[in-house]
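This report goes through one structure in running text. It takes up accessibility, charged pairs, aromatic rings and a sheet in turn.

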Amino acid sequence: MSVHKYWRRKDLSEVTMKSIIVLISEYPGELLDYLYNNDENRHVDTFNRFQFILWNYVKEFYNFTLIVDLRHIWGKELKNGTHTGMVGMLQRKEIDVGLSPLFYKEERIAVLNFLTPTFTLSPCFIFRNPKSEFTVRGAFFSPLSSIVWLATWGIMLLTIIIMRLCFYQEWKFEDRSIHNSPMEYDLGYILLLTFGGLCQQDVPRIPNLYSGRIIIFTSVLFTYILYQFYSGGIVSSLLSEPPKTINNLKELMNSPLQIGIEDMIFEKDFFDQTSDPLALELYRTRVVGQRNGSDAYYKVEHGLQLVKDGGFAFQVDTDVAYKIIAETYSNEIICDLNQRGVRPWIRAFN
């Protein structure tokens with residue numbers, strides 16, 4: 001039985017292809033051992049190592065061999081139209097394939113043949129939510145708005161005045177032999193009685209006049225409803241997640257957080273080439289405007305340590321950051337993290 005022609009054509013008969021992989025970090029041991037077998041520090045050179053494994057499957061499927069060499073840069077266009085790095089070697093046909101994914105750029109279209117997107121990067125700013133100012137007013141006055149507090153104290157003052165009049169009239173017109181002292185109807189006593197009712201304390205004496213009983217009943221009902229709402233607001237604020245004060249890039253730019261960027265070439269290229277006005281404003285005012293631009297770029301471990309310490313926002317690829325965060329951050333700090341993207345996810349092609 002004959003083999004189908006398409007099945008025969010997939011066999012490249014162990015033809016040899018020259019290739020380049022880009023690694024920007026130091027690696028232990030031999031290059032191929034590191035790419036094939038090393039599962040440690042998988043957050044380092046993530047997409048380059050992923051692409052190599054992908055090409056290894058392609059190599060086995062189509063039956064060809066690869067000669068793998070190493071470079072440390074992807075490539076940049078020069079003034080004469082040539083390129084450096086892996087792109088330049090592909091342009092000069094010194095290699096057959098590039099094992100590291102590339103971003104789709106206009107200047108590369110004329111010199112390279114792109115296949116398909118193989119990896120998606122998701123860079124974003126990672127930071128701890130800034131703590132809101134914890135003051136007495138913020139902790140205990142927040143369940144009620146300012147106008148409600150003013151209305152409450154106004155009602156209590158009105159209650160004191162009416163209760164003072166009711167108790168005085170009761171003492172004046174009733175049998176004074178029973179109440180031979182006006183002490184119970186003194187203003188200080190009324191203040192203490194009203195404040196005790198506000199704090200859910202019992203009324204020591206019920207007035208005899210209906211007017212006094214009505215004001216006592218109304219004040220007790222009012223303070224009970226107020227107390228239930230107030231205590232419920234306090235409990236819910238303690239149980240709920242702290243509000244996020246930074247919800248978009250504009251708020252991040254206007255926040256007191258320091259800004260840092262991962263020290264990767266494609267992060268620098270983004271701010272050099274983007275036309276997004278908000279991203280450009282953030283870069284000019286918060287990165288270059290506050291310090292030397294080169295000082296704003298950090299190694300991943302250093303940048304995430306600054307995030308952990310608080311007061312710092314670090315733009316980094318999440319594939320790189322999440323492993324370090326899981327290993328070095330406590331659960332409390334992880335729950336305190338927030339992230340905001342400065343640009344859409346990036347697709348890397350091969």
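A residue is called buried under 20% relative accessible area, exposed over 50%, and partly exposed in between, using a 1.4 Å probe and protein chains only. By this scale glutamate 281 is partly exposed, with a relative accessible area of 30%. The model is a predicted one: local features need pLDDT of at least 70, side-chain atom pairs count only at pLDDT 80 or more, and totals for chains, interfaces and linings use all residues. Residues are numbered from 1 along each chain as its sequence is written, and side-chain values use heavy atoms, with hydrogens and water left out.

**Salt bridges**

The structure holds 6 salt bridges, a salt bridge being a side-chain nitrogen of Lys or Arg within 4 Å of a carboxyl oxygen of Asp or Glu. Three of them are listed below, including the pair that contains glutamate 281.

| Pair | N to O distance | Relative accessibility |
|---|---|---|
| arginine 92 and glutamate 94 | 2.7 Å | 45% and 38% |
| lysine 250 and glutamate 281 | 3.9 Å | 36% and 30% |
| aspartate 263 and lysine 299 | 3.9 Å | 30% and 56% |

Lysine 250 is in helix H10 (residues 249-253) and glutamate 281 in helix H12 (residues 277-288), so this pair links distant parts of the chain, 31 residues apart. Helices (H or I, at least four residues) and strands (E, at least two) are DSSP runs, numbered from the N terminus. Aspartate 263 lies in the loop between strand E7 (258-262) and helix H11 (265-273), while lysine 299 lies in the loop between E8 and helix H13 (300-309); the pair therefore ties together parts that are 36 residues apart in sequence. Lysine 299 counts as exposed, whereas aspartate 263 is partly exposed.

**Aromatic pairs**

Across the whole structure there are 7 aromatic pairs. Rings of Phe, Tyr and Trp (its six-membered ring) pair if their centres lie within 6.5 Å; planes under 30 degrees apart count as stacked, over 60 as edge-to-face and the rest as tilted. Tryptophan 149 and tyrosine 230 make an edge-to-face pair, at 5.9 Å centre to centre with 75 degrees between the planes. Because tryptophan 149 lies in helix H7 (residues 146-173) and tyrosine 230 in helix H9 (residues 210-239), the pair ties together parts that are 81 residues apart in sequence. Tryptophan 149 is buried at 17% relative accessibility, and tyrosine 230 is partly exposed at 21%.

Tyrosine 298 and phenylalanine 314 also form an edge-to-face pair, with 6.5 Å between centres and 80 degrees between the planes. Tyrosine 298 belongs to strand E8 (residues 297-298) and phenylalanine 314 to strand E9 (residues 312-317), so parts that are 16 residues apart in sequence are tied together. Both are buried: the relative accessible area is 13% for tyrosine 298 and 0% for phenylalanine 314. Ring pairs link Tyr298, Phe312 and Phe314 into a cluster.

**A sheet and a helix**

An open sheet of 3 strands has the order E2-E1-E3 with parallel pairing. Strand E2 (64-71) and strand E3 (97-98) are at the edges with a single partner strand each, so one side of each has no neighbour in the sheet. Two strands pair if DSSP finds at least two bridges between them; strand E1 (residues 15-22) and E3 have 2 bridges. Isoleucine 20 stands opposite glycine 98 in E3.

Threonine 46 is found in helix H3 and is buried at 16% relative accessibility. Leaving aside neighbours within four places in sequence, threonine 46 is in contact (heavy atoms within 4.5 Å) with Phe119 and Val320.
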